[in-house]
Amino acid sequence: MGTTGKPVRRRTRDTYREVIALTGPLLPCVSFLGRLPTATIQFGSVLLVARTSGSLSAAGLTGGALALGQVACGPVVGRLADRHGQRRVVLAFSLANAVAVTVLVAGALTGLPTAVLALLGAAAGGTVPLVGPLARARLVALARRSGAPEATVGVALSFESTLDEISFVLGPALVGIASVLAHPAYAMGGAALLVAVCGSAFALHPTALAVAPASAGRDPARARARAALTPMPNCVHSLRASLALQGAMFGACQAGITALTARLGQENQAGLVYAAMGVMSAAAGLGMACVPARLGLPPRWRLATAAALVLSLPLLRTQSLAGLYAVVTVLGVAYAPHLITVFGLIERAVPPTRLAEAMAVATSALVGGQALSVAVTGRLTDAYGPRAAFAVASTAAALTFVIALTARPTTYSGRAKNASRARVQDERARTNP
């Protein structure tokens, strides 16, 4: 076993090095820090408004408006990036988001009415630059341009999903620490500064030019029109639904964990329990590089959703803190493999000229599912206890499994070969005509 384990670990390590070599070590650091504010402002806005107004209702309204803003405007950001390139779009939205978050903090500190705070929250969510989805699209584009094998493309998606997982564990944790030691406004202010600096750095990084905008070419207007008319395959809707249900699982687990730890008199453990699930999910995401290439994406999708369903069922009988830690940590094993696999299926299915939009819409589906689930299961837990929230999580897992069994993901066939552009600009073709 030892002799076979070492080559596998070595191959995995070498593949990750290939992925990092596509961009250089700076871009992963910048993209991670650039996406951290997205994970910070959602939770941070709730704590900020709750602290300054003393109203949980106002806090929930502001946080909900922020989530809705991101869900509504996320696809627009992706579409603009596809048509005009990532550099201009990410730079504009990074600076706009920094301003919007700063204004939200100022409004909360000065005691503006709840309706105004909700509008400011929606503006903060609507201007999120979507560094995570666009970084995923950029890295995949670089891998495709270099002629990398499918295994490397898969590891690139694993790497990006792991960065997302870590950011969504670390972001709320930093907000919580700032809230305990000082004030949530410090975390929100730090998020504004981080998105302005690191979001701009991500936009200005040379790899931004690797993804060819639809407006590139001799006739930009015609190219944009052709890109807009390039249809999305029907299977993408099933994939988005799967991600929305995954988000619903996140939200239901979050509500159930919060309710159960409160019932046990251990409210301060809720964040740590949720973080344990996120850490395990991130570890599983990194381990996806070890999955043999012969196990295709559709079978991986079915296995991941089946695992999520089976591993979620023990939540219904969990009544102790130790049991909760154990069950939730093990459940985290199923999350990242599902996300990575679905993003991989989307990347293969969509037209190249709409890749960033597809990634943005997928992320919006995930965020929207989580926000809606938190709102619904929060009320259910008040009425029926944590088991109701966990039942919603298991139901969402079951529906995801059904989708994985019945959907038939397709691979983009190049119907628009001669349309606007290929997936990325081939610098070698330009320099060696």
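These legends accompany several close-up views of a predicted model.

**View 1. The whole chain is built from helices, with no strands.** Let's start with the overall picture. In this predicted model, the secondary structure comes to 16 helices and zero strands. The chain has 433 residues, and 53% of them count as buried. About 18500 Å² of the chain is exposed, with carbon and sulfur atoms supplying 66% of that area. Sequence separation is worth a look too: among contacts between residues at least 6 apart in sequence, 86% join residues at least 24 apart.

**View 2. The largest nonpolar core holds 55 residues.** Trp301, Leu315, Leu324 and Ile346 touch the most other members of this core. Eight stretches are good to keep on screen here, since the elements giving two or more residues to the core are α6 (131–145), α7 (150–181), α10 (235–263), α11 (270–287), α12 (297–312), α13 (321–349), α14 (355–384) and α15 (386–406). Helix α13 gives the largest share, with 14 residues.

**View 3. Trp301 and the residues it touches.** Leaving aside residues up to four places away in sequence, Trp301 touches Leu239 and Ser242. Its contacts also include His338, Thr341, Val342 and Leu345. Ile403, Ala404, Ala407 and Pro409 are touched by Trp301 as well. Elsewhere, a second, separate core has 34 residues, among them Ala58, Ala59, Ala100 and Ala203.

**View 4. Phe250 and Tyr335 form an aromatic pair.** The count of aromatic pairs comes to one. The ring centres of Phe250 and Tyr335 are 4.7 Å apart and the planes stand at 75°, so the pair is edge-to-face; the cut-off for that label is over 60 degrees. Phe250 belongs to helix α10 and Tyr335 to helix α13, so the pair ties together parts that are 85 residues apart in sequence. Both Phe250 and Tyr335 are buried.

**View 5. Two arginines sit over aromatic rings, Arg136 at Phe343 and Arg138 at Phe202.** Arg136 lies over the face of Phe343, 4.0 Å from the ring centre. For Arg138, the charged end sits over the ring of Phe202, at 3.8 Å from its centre.

**View 6. Asn97 is a buried residue of helix α4.** Helix α4 covers residues 86–109 and contains Asn97. Asn97 has 3% relative accessibility, so it counts as buried, the cut-off being under 20%. With residues up to four places away in sequence set aside, Asn97 touches Ala124, Thr127, Val128, Pro129 and Val195.

**View 7. Leu130 has a positive phi.** Backbone enthusiasts may like this one. Phi of Leu130 is near 55°, a positive value in a residue other than glycine. Leu130 is found in the loop between α5 (114–126) and α6. With a relative accessibility of 4%, Leu130 counts as buried.

**View 8. Cysteines in a structure with zero disulfides.** How many disulfides does the structure hold? The number is zero. Cys198 is in no disulfide, and the nearest cysteine sulfur, that of Cys29, is 9.7 Å away; a disulfide would need the two sulfur atoms within 2.5 Å. Is Cys198 buried or exposed? Cys198 counts as buried, because its relative accessibility is 10%. Cys73, on the other hand, is partly exposed, with a relative accessible area of 31%.

Definitions and conventions: Residues numbered from 1 in each chain as written. Predicted model: local features only at pLDDT ≥ 70, side-chain atom pairs only at ≥ 80, totals over all residues. Heavy atoms only, no water. Buried < 20%, exposed > 50% of the residue type's maximum accessible area, 1.4 Å probe, protein only. Helix = DSSP H or I, 4+ residues; strand = E, 2+ residues; numbered from the N terminus. Contact = heavy atoms within 4.5 Å. Areas by Shrake-Rupley, 256 points an atom, 1.4 Å probe, with all protein chains shown as cover. Core = buried A, V, L, I, M, F, W, Y, C linked by side-chain atoms within 4.5 Å. Phe/Tyr/Trp six-rings, centres within 6.5 Å; stacked < 30°, edge-to-face > 60°. Lys NZ or Arg CZ within 6 Å of the ring centre and 35° of its normal.
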